[in-house]
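Here are my notes for your read-through. Please keep the model open beside them.

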Amino acid sequence: MLLNDIRVVLVNTSHTGNIGSVARAMKTMGLSKLYLVDPVNQIDSHASALAAGATDVLGNAVVVDDLAQAIADCSLVIGTSARSRTLSWPMVEPRECGQMLVDGAKKGPVALVFGRENSGLSNEELQMCHYHVCIPANPEYSSLNLAMAVQTLTYEVRMAFLQQQEKKVEVDETVYPSSQQLELFYQHLQNTLENTGFIIKQHPGLVMTKLRRLFNRARPEDGELNILRGILTSVDKLDSQATKNNEQK
């Protein structure tokens, strides 16, 4: 079923009760794939109690060491974030988020990522996401606990799913690279730019962050990413040949 390819990822969750409550929120909306990134504590009886009838979601939760592992095979990753960040990232509204996840899941795994209870996602983790989503809560009291946030956004996922079930939707056959493939591209891009002297290895500054934002916003297709990698490889060869010629002089 399509909803099986939509995973909820919790990063470094402190309280096991929150994990249980999230499992309950997910199951009420038909989602079952829970990933836990470096949880502070293992799932316990408190988590099971708050999960109520969703202990199957808890029991099947996948525990990994870092976010990269949780999203490696995902072609679309949306991270929850407040808007007040030093470097803005492409933002989507909750309703749009739900629709994008449902559309993306037609072609394979996608992820909705939630950060720590007290500090959310780090800037580095946010940069691994294609888009950010912010719940437009009351600005005078925007306090949402983790399970509330998961419930709100998974509700939008379910509404988009039900709407799709009611009407015939044209399937987009575009193939997008996985998160892991994008990370390999970014590593290749940084290495090439360092070798050509465009960026200084010890002081890359905001260049790579801005380039990540650019390509995440453009969201290159699988074939387009291959072209970009090919361009970088051709630059690498020229740079290597130039270095070799200089050594022979």
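The points below take up one strand, one acidic residue and a set of aromatic rings.

1. A caution first. This is a predicted model. Please read every distance and angle below in that light.

2. Start with strand β1, residues 6-11. The strand is mostly covered, with six of its six residues buried. In a regular strand, side chains alternate between the two faces of the sheet. Here both faces are covered. I6, V8 and L10 are buried on one side, and R7, V9 and V11 are buried on the other. Note that R7 is among the buried residues.

3. Which strands pair with β1? One is β6, residues 110-114, which pairs with β1 in the parallel sense over five bridges. Within that pairing, V9 stands opposite V113. Another is β2, residues 33-37, also parallel to β1 and joined to it by five bridges. There, L10 has L36 as its bridge partner. The route from β1 to β2 passes through helix α1, residues 16-28. This β-α-β crossover is right-handed.

4. Next, look at E125. This residue lies in helix α6, residues 123-126. Is E125 buried or exposed? E125 counts as buried because its relative accessible area is 12%, under the 20% cut-off. Its side chain reaches the backbone nitrogen of S122 at 2.8 Å. Beyond neighbours within four places in sequence, E125 is in contact with V11, L67 and R116. V11 belongs to the buried set on β1, so check E125 and that strand in one view.

5. Now the aromatic rings. The structure holds two aromatic pairs. F185 and Y186 form a tilted pair, 5.5 Å centre to centre with 50° between the planes. F185 is buried at 2% relative accessibility, and Y186 is buried at 3%.

6. The other pair is F185 with F215, and its geometry is edge-to-face. The centres are 5.1 Å apart, and the planes make an angle of 85°. This pair links distant parts of the chain, 30 residues apart. F185 sits in helix α8, residues 179-195, and F215 in helix α9, residues 207-218. F185 and F215 are both buried. Ring pairs thus join F185, Y186 and F215 into a cluster.

7. One last ring to inspect is Y176. R219 lies over its face, at 3.8 Å from the ring centre.

How values were computed. Residues numbered from 1 in each chain as written. Predicted model: local features only at pLDDT ≥ 70, side-chain atom pairs only at ≥ 80, totals over all residues. Heavy atoms only, no water. Buried < 20%, exposed > 50% of the residue type's maximum accessible area, 1.4 Å probe, protein only. Helix = DSSP H or I, 4+ residues; strand = E, 2+ residues; numbered from the N terminus. Pairing = 2+ DSSP bridges. Right-handed = clockwise from strand over helix to strand, strands pointing away. Polar contact = N/O pair within 3.5 Å; in protein donor to acceptor, adjacent residues only side chain to side chain. Contact = heavy atoms within 4.5 Å. Phe/Tyr/Trp six-rings, centres within 6.5 Å; stacked < 30°, edge-to-face > 60°. Lys NZ or Arg CZ within 6 Å of the ring centre and 35° of its normal.
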